[in-house]
Amino acid sequence: MCRYLLAAVAAIAAFATTQLCDAAFAQQPIVIKFSHVVSPDAPKGKAALFFKEIAEKYTNGKVKVEVYPNSSLYKDKEELEALQLGSVQLLAPSISKFGPLGIKEFDVFDLPFLMTDDARARQMMASPMMVDMNKKLESKGISPLAYWDNGAHVYTANKALIWPEDFRGLKMRIQGSKVLDAVARELGAIPQIMSFSELYQALQTGVVDGEDNVPSNILTQKFYEVQKHLTVSYHGRLTYALVTNKKFWGQLPADVHEPIARAVKESTDFFNTTAEKDNADALEKIKASGKIQFHALDDAQRKAWVAKLMPVHKEMQSRFGKDFIDKIYKASGFIPPQS
Ligand code: LMR
């Protein structure tokens with residue numbers, strides 16, 4: 001009799017403990033690790049913190065967002081793999097870095113002068129074309145949640161870059177896409193793929209002679225302190241994809257999924273507004289620093305750059321196919337100059 005009683009008490013105790021544990025576990029917030037490579041006061045850094053604030057608020061604390069800026073958790077090369085493994089839940093990398101995933105199509109967005117103004121860029125990233133591109137990411141276990149437009153690129157170097165031939169022989173850092181590689185080679189420069197976190201030191205020590213980036217990155221990473229010249233060329237664009245792990249996203253409970261999706265939407269609006277203002281302000285602040293010489297391209301110089309770089313568009317027709325390139329032109333509103 002005592003043995004049955006003891007067994008019953010033990011069973012009840014075990015059941016109660018499990019219940020308590022389950023309840024305690026259920027109350028554990030879902031942790032979203034958001035890793036990125038820029039500084040907290042760059043547009044992406046601010047948007048990540050904004051996302052944290054509203055995601056935690058809208059889910060009443062059911063979600064906890066941990067933001068890791070400045071490559072403090074993962075560097076460029078590692079972060080996508082970590083996302084696929086589920087070691088991190090949210091990233092916003094430049095789409096120029098998707099090549100290593102085996103998705104070459106995203107390189108097409110680096111075609112020179114393809115999306116020179118904000119309206120064209122947002123039109124492009126909102127176009128039906130992106131449905132196919134998103135499916136390619138999904139096939140790699142990555143779910144794209146939004147695209148964040150960080151504006152147009154300018155060049156910095158220790159030499160004035162006014163005409164295309166000024167690039168001859170320079171070692172130029174690139175992000176990684178085959179198109180950026182072709183652009184540098186077409187200009188007679190030597191492309192060097194390098195992680196963002198290594199760039200400041202590489203510029204300071206002369207491992208590379210120059211780079212291209214958006215003004216807000218040049219300001220917040222202080223690249224202008226280790227470069228002598230800046231050319232306002234707007235020849236390319238920095239577009240981020242806010243991406244998550246497909247399995248993680250699919251398993252989010254419904255009462256969390258909706259508020260997170262809302263936080264993603266509002267963070268995207270916040271990002272696009274912040275990026276536009278911060279990049280304009282950054283250009284003024286860099287100029288006002290007097291630490292770097294500014295060069296704006298006049299019409300003749302811009303025409304020379306466009307003409308010099310159109311062969312990259314031609315070259316990429318063989319890589320992507322003319323139909324695909326024509327679709328990209330249509331979606332972005334780009335009209336190739338008559339040769
Ligand atoms: C770069 O590598 O230059 C940029 O993509 C970094 C960033 O995320 O803004």
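**Exercise 1.** Classify Q84 in this predicted model as buried, exposed or partly exposed.

*Solution.*
Step 1. Take the relative accessible area of Q84: 32%.
Step 2. Apply the cut-offs: buried is under 20%, exposed is over 50%, and partly exposed is in between.
Step 3. Q84 is therefore partly exposed.

**Exercise 2.** Place Q84 in its helix and find which residues it touches, leaving out those up to four places away in sequence.

*Solution.*
Step 1. Locate the residue: Q84 sits in helix α3, residues 76-85.
Step 2. List the contacts: L101, K140, I142 and N245.
Step 3. Look at K140 in detail. The Q84 side chain reaches the K140 backbone oxygen at 3.0 Å.
Step 4. Check the backbone distance to G141. The C-alpha atoms of Q84 and G141 are 6.0 Å apart, with their positions 57 residues apart in sequence.

**Exercise 3.** Determine which residues of helix α6 are buried and what covers them.

*Solution.*
Step 1. Within α6 (residues 178-186), the buried residues are V179, L180, A182, V183 and A184.
Step 2. Their cover includes strands β5 (154-157), β6 (171-174) and β7 (190-193), along with helix α11 (299-320).
Step 3. Follow the chain past α6. There G188 has a positive phi, near 85°.

**Exercise 4.** Decide whether P259 is buried or exposed, then describe its surroundings.

*Solution.*
Step 1. P259 belongs to helix α10, residues 254-289.
Step 2. Its relative accessibility is 7%, so P259 counts as buried.
Step 3. Setting aside residues up to four places away in sequence, P259 touches Y58, T59 and A254.
Step 4. Compare chain and space for E56. P259 and E56 are 203 residues apart along the chain, and their C-alpha atoms are separated by 9.1 Å.

Note on methods
Residues are numbered from 1 along each chain as its sequence is written. This is a predicted model: local features need pLDDT of at least 70, side-chain atom pairs count only at pLDDT 80 or more; totals for chains, interfaces and linings use all residues. Side-chain values use heavy atoms; hydrogens and water are left out. Helices (H or I, at least four residues) and strands (E, at least two) are DSSP runs, numbered from the N terminus. Buried means under 20% relative accessible area, exposed over 50%, partly exposed in between (1.4 Å probe, protein chains only). Contact means heavy atoms within 4.5 Å. A polar contact is a pair of N or O atoms within 3.5 Å; within protein, one must be able to donate a hydrogen and the other to accept it, and residues adjacent in sequence count only if both atoms are side-chain atoms.
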